[in-house]
Amino acid sequence: MDTICIVCPIGCRLTITKDTTNPDGYIVSGNQCKRGERYGILEMTNPTRVITSTIKINNSHLKRLPVKTNGAIPKDMNFKCMELINSLEVEAPVKVGEVIIRDILGTGIDLVASRSME
Ligand code: SF4
């Protein structure tokens, strides 16, 4: 599999192949550092993503509040997570880092505000 490493802005092109000497192993090439190797292996075994989005906020000068998950969640839960995020609505004021949803979809990860809004 070919993919782009998203761990840092360099964006190395990774090639991930099965390790023929280890049935559970993968070999990553194209990475410039160990973090890229870890990312490549995780993409094959347990791909995850941090979600960033916005939600509706009432009583504020802006209509949308930026939010993000405070950790990576399994990639196959992204769609369900976005459905939930799109249904949310909060009241100002909100402080940066404030938890909007704790343990989103049972992942152990929280959805938090990315900025303060009066
Ligand atoms: S492999 Fe290392 S240097 Fe390349 S994009 Fe990933 S983290 Fe950055």
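**Exercise 1. Domains and overall dimensions**

Which domains does the domain assignment of the protein chain give? State also the separation of their centres and the dimensions of the chain.

*Solution.* The assignment lists domain 1 (2-45) and domain 2 (52-113); such bounds come from an automatic or database domain assignment. The model is predicted: local features need pLDDT of at least 70, side-chain atom pairs count only at pLDDT 80 or more, and totals for chains, interfaces and linings use all residues. Residues are numbered from 1 along each chain as its sequence is written.

Step 1. Taken over C-alpha atoms, the centres of domain 1 and domain 2 are separated by 30 Å.

Step 2. The protein chain has a radius of gyration of 18 Å, whereas a compact globule of 118 residues would have one near 13 Å. The radius is taken over C-alpha atoms, and the globule rule is 2.2 Å times the number of residues to the power 0.38.

Step 3. Along the principal axes, the C-alpha atoms fill a box of roughly 60 × 30 × 15 Å.

Step 4. Of the 118 residues, 18% are buried. A residue is buried if 20 or more other C-beta atoms lie within 10 Å of its own, exposed if 12 or fewer, and partly exposed in between, with C-beta atoms placed from the backbone.

**Exercise 2. Secondary structure**

Determine how many helices and strands the protein chain has, and their order.

*Solution.* Step 1. The protein chain has two helices and 10 strands. Helices (H or I, at least four residues) and strands (E, at least two) are DSSP runs, numbered from the N terminus.

Step 2. Along the sequence, the pattern is β-β-β-α-β-β-β-β-α-β-β-β.

**Exercise 3. The ligand shell and Tyr39**

Identify the residues around the ligand, and then describe the setting of Tyr39.

*Solution.* Step 1. The shell consists of Cys5, Val7, Cys8, Ile10, Gly11, Cys12, Asn31, Gln32, Cys33, Arg35 and Gly36. The criterion is a C-beta atom, placed from the backbone, within 6 Å of the molecule.

Step 2. By class, the shell residues are six nonpolar, four polar and one charged. Here Ala, Val, Leu, Ile, Met, Phe, Trp, Tyr, Cys and Pro count as nonpolar, Asp, Glu, Lys and Arg as charged, and the others, Gly among them, as polar.

Step 3. Tyr39 belongs to helix H1 (residues 34-45). Tyr39 counts as buried because it has 23 C-beta neighbours inside 10 Å.

Step 4. Not counting residues up to four places away in sequence, Tyr39 touches Cys5 and Val7; contact requires C-beta atoms, placed from the backbone, within 7 Å. Cys5 and Val7 are also among the residues around the ligand. Tyr39 and Ile4 are 35 residues apart along the chain, with 9.7 Å between their C-alpha atoms.

**Exercise 4. Strand S6 and its partners**

Work out how S6 pairs with S5 and S10, and place Pro66 within this arrangement.

*Solution.* Step 1. Strand S5 (residues 52-58) and S6 run antiparallel and are joined by five bridges. Two strands pair if DSSP finds at least two bridges between them. Thr54 stands opposite Pro66, and Lys56 has Arg64 as its bridge partner in S6.

Step 2. S6 is also antiparallel to strand S10 (residues 111-113), with three bridges; the partner of Val67 in S10 is Ala113.

Step 3. S5 further pairs with strand S8 (residues 89-91), in the parallel sense and over three bridges. Lys56 is bridged there to Glu89.

Step 4. The covered face of S6 holds Leu65, Val67 and Thr69, while Arg64, Pro66 and Lys68 lie on the uncovered one.

Step 5. Pro66 lies in S6 (residues 64-69) and counts as partly exposed because it has 15 C-beta neighbours inside 10 Å. Beyond residues up to four places away in sequence, Pro66 touches Thr54, Ser114 and Arg115. Pro66 and Met117, 51 residues apart in sequence, are 9.6 Å apart, C-alpha to C-alpha.

**Exercise 5. Backbone geometry in loops**

Locate Asn59, Asp103 and Pro93, and describe their backbone geometry.

*Solution.* Step 1. Asn59 is in the loop between S5 and S6, and its phi is near 65°, a positive value in a residue other than glycine. Asn59 counts as exposed because it has 10 C-beta neighbours inside 10 Å.

Step 2. Asp103 is in the loop between S9 and S10, with a positive phi near 50°. Asp103 is exposed, with 11 other C-beta atoms within 10 Å.

Step 3. Pro93 is in the loop between S8 and strand S9 (99-101). The peptide bond joining Ala92 and Pro93 is cis, with omega about 0°.

Methods:
Two residues are in contact if their C-beta atoms, placed from the backbone, lie within 7 Å.
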